[in-house]
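Dear colleague,

I am handing over the structure below, and underneath it I have written out what I found when going through it. Please read the notes with the coordinates open beside you.

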Amino acid sequence: MTEKLQQFKEALHEIADYLAVFALLEWDQQVNMPPAGAEGRSQVMSRIAEQAHNLSVSAETIRLLEEAEKAVAGIDPDSDDARLVKVSRKQLDRELKVPAAWVSDFAMTTATAHNVWEEAKANNDFSIFRPHLEKIVDMRKQYADFFKPYDHVYDPLLHFFEQGLQTKDVVEIFAALRPKQVELIKWISEQPQIKDDFLHGRFPEKDQWDFGVEVIKDFGYDWNRGRLDKAVHPFSTGFNLGDIRITTRVYENLATSSMFSCMHEAGHGLYTMGADPALDRTPLTFNYSMVLHESQSRLWENLVGRSKPFWKHYYPKFRSQFPTQLGNVDLAIFYKAVNKVEPSFIRVEADEATYNLHVMLRFEIELALIENRLQVKDLPDYWNAKFKEYFGITPPDNARGVLQDVHWSSGYIGYFPTYAIGNVVSVQLWESIRKDIPNLDEQIEKAEFKPLLGWLVEKVHRHGAKFECQELVQRVTGSKIDPQPYLQYIETKYTEIYGA
Ligand code: ZN
């Protein structure tokens, strides 16, 4: 490697170290920090965010990037070095459009809003969160303005999380998913309904926790490089490839909620843990496609964790852990219960048939906010009306409605589509995995996840953020992002569950 390239990498390491500090402060804020620490913390986070930004756009970084571009000219464009330089250039061009003052103000605003959101949700009080969300929405509109001209005002927001897609792509994918999913849900609602009352008994926190830990250990989550903590809203984060953390929450009256959230977050963690160590502390382990990230979390949560082979292995253990609650429930009944389809209020608890509709609802609302068709003050009523339109039920309170998700308090407007498209991609990958590992079901039945994880590491994880979502999906599956396999998958799965 040339000296110029090495110098550029050292500059990237320095920026990555600031981002790691920011992520650690954020993790601590959501896991450990006492409420009164919020104000001081938001000041520190805003300062660190500004420093990271200033370093990223400094004359020295730009000079080093230009030198690095000369150094990689002519080398294999898919090599780590060439991709690192390419991704860094895109990142720099984006950051140059955003003033440092905005970055600092936004970090301060969102760090403050997070704790207010927690309080608002706990007390079911939208009014205290409202001014914070108003500022966040205004700032996101300003952010979009920095990127004029754009095809769509939502594009810059989407690109913050997913550079490989345009708003029109999201609209197109959702237009393909929605009618088929609505049709399937309607058909299901006309079938005999599944009983799942036994999942709502009392399941002690410690037992749920231990079970989640055991499952994700079997998946291959590396406890030497990771840890699991409690948070109001489950999330995953990482500071370097040796320290990748996940969180969950436990409801004692919901038997499987914490377990599925453990699997989901471990899916994110495994993705990051699988990156080639040579990419550590660079944009190739920070600038991920969130569609690809969610494809990994949803793959472990659903395609593995809500599958029949999985429960063939784990249900006897799970049942023996909760003999009074589940003693009379056999595997077939339990499997159906964890796949029960019904309109429900909470996205993260939703089944695979309705889940994407929760995302579409949020996407529609975000578009209305950003296109100035909706004001934050009208949001709770708008949410409830839209919810009724989508699901036929009205949330009983804002905690189970507009306040349920952490994302907007963190400034994450533009993120939600990545969940639904992540679902789509997860099934496309799954089809490729099945071709390469024909006895996948038998392996899952024996809790043998090494071949599956090995496949994912080889095809997806080790590349870090080298490829955007469309490119990676094309390379691995031979086709672009396509909603049809997902639709086929849910149709087959639920026809079997509800038709039998
Ligand atoms: Zn996720």
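In this predicted model, the side chains of Asp80 and Lys466 meet in a salt bridge, with 2.8 Å from N to O. Asp80 belongs to helix α4 (residues 80-96), whereas Lys466 sits in the loop between α19 (450-459) and α20 (469-477), so the pair ties together parts of the chain that are 386 residues apart in sequence. The two partners can be told apart by their accessibility, since Asp80 is partly exposed, with a relative accessible area of 27%, while Lys466 is buried, with a relative accessible area of 9%.

This pair belongs to a total of 42 salt bridges in the structure, and I describe two others here. Arg178 forms a salt bridge with Glu364, where the closest N and O atoms are 3.9 Å apart. Because Arg178 lies in helix α8 (residues 167-189) and Glu364 in helix α15 (residues 355-370), this pair ties together parts that are 186 residues apart in sequence. Arg178 counts as partly exposed at 29% relative accessibility, and Glu364 is likewise partly exposed, with a relative accessible area of 23%.

Helix α15 also contributes Arg362, which forms a salt bridge with Asp405, the closest N and O atoms being 2.6 Å apart. Here too the pair links distant parts of the chain, with Arg362 in helix α15 and Asp405 in the loop between α16 (379-391) and α17 (417-436), 43 residues apart. Both Arg362 and Asp405 are buried. Elsewhere, salt bridges that share partners join Asp78, Arg83, Glu471 and Arg475 into one network.

Helix α8, which carries Arg178, deserves a paragraph of its own. It has 23 residues and reaches 32 Å from its first C-alpha to its last, close to the 33 Å expected at 1.5 Å a residue. Its buried residues are Thr167, Val170, Ile173, Phe174, Leu177, Gln181, Leu184, Ile185 and Ile188. As for the spacing of such positions, an α-helix has 3.6 residues a turn, so residues three or four places apart point the same way. The buried residues of α8 pack against α7 (155-161), α15, α17 and α21 (484-499).

Which protein atoms serve as donors to the zinc ion? They are His264 (NE2), His268 (NE2) and, through two OE atoms, Glu294, and they lie 2.1 to 2.5 Å from the ion. The four donor atoms subtend angles of 53 to 144° around the zinc ion, which makes the arrangement irregular; to count as tetrahedral, all angles would have to lie between 85 and 135 degrees. In sequence, the donor residues follow the spacing H-x3-H-x25-E. His264 and His268 both lie in helix α10 (residues 257-273), four residues apart, which is about one turn of the helix, and both His264 and His268 are buried.

Turning to a single position in another helix, Ser46 is placed in helix α2 (residues 38-56), and Ser46 is buried, with a relative accessible area of 6%. Leaving aside neighbours within four places in sequence, Ser46 is in contact with Ser104, Ala107 and Met108.

Finally, there are some backbone details that you may wish to look at in the coordinates. A cis peptide bond joins Lys148 and Pro149, with omega about -5°, and Pro149 is found in the loop between α6 (126-146) and α7. Arg281, although it is not a glycine, has a positive phi of about 60°; Arg281 is placed in the loop between α10 and α11 (290-304) and counts as partly exposed at 31% relative accessibility. Ala447 is another residue other than glycine with a positive phi, in this case near 55°. Ala447 lies in the loop between α18 (440-445) and α19, and at 18% relative accessibility Ala447 counts as buried, the cut-off for that term being under 20%.

With best regards

Definitions and conventions:
Residues numbered from 1 in each chain as written. Predicted model: local features only at pLDDT ≥ 70, side-chain atom pairs only at ≥ 80, totals over all residues. Heavy atoms only, no water. Salt bridge = Lys/Arg side-chain N within 4 Å of Asp/Glu carboxyl O. Helix = DSSP H or I, 4+ residues; strand = E, 2+ residues; numbered from the N terminus. Buried < 20%, exposed > 50% of the residue type's maximum accessible area, 1.4 Å probe, protein only. Expected span 1.5 Å × (residues − 1). Contact = heavy atoms within 4.5 Å. Donors = N, O, S within 2.8 Å, 3.2 Å for Na, K, Ca; no water. Tetrahedral: all angles 85-135°; square planar, octahedral: opposite > 155°, others 65-115°.
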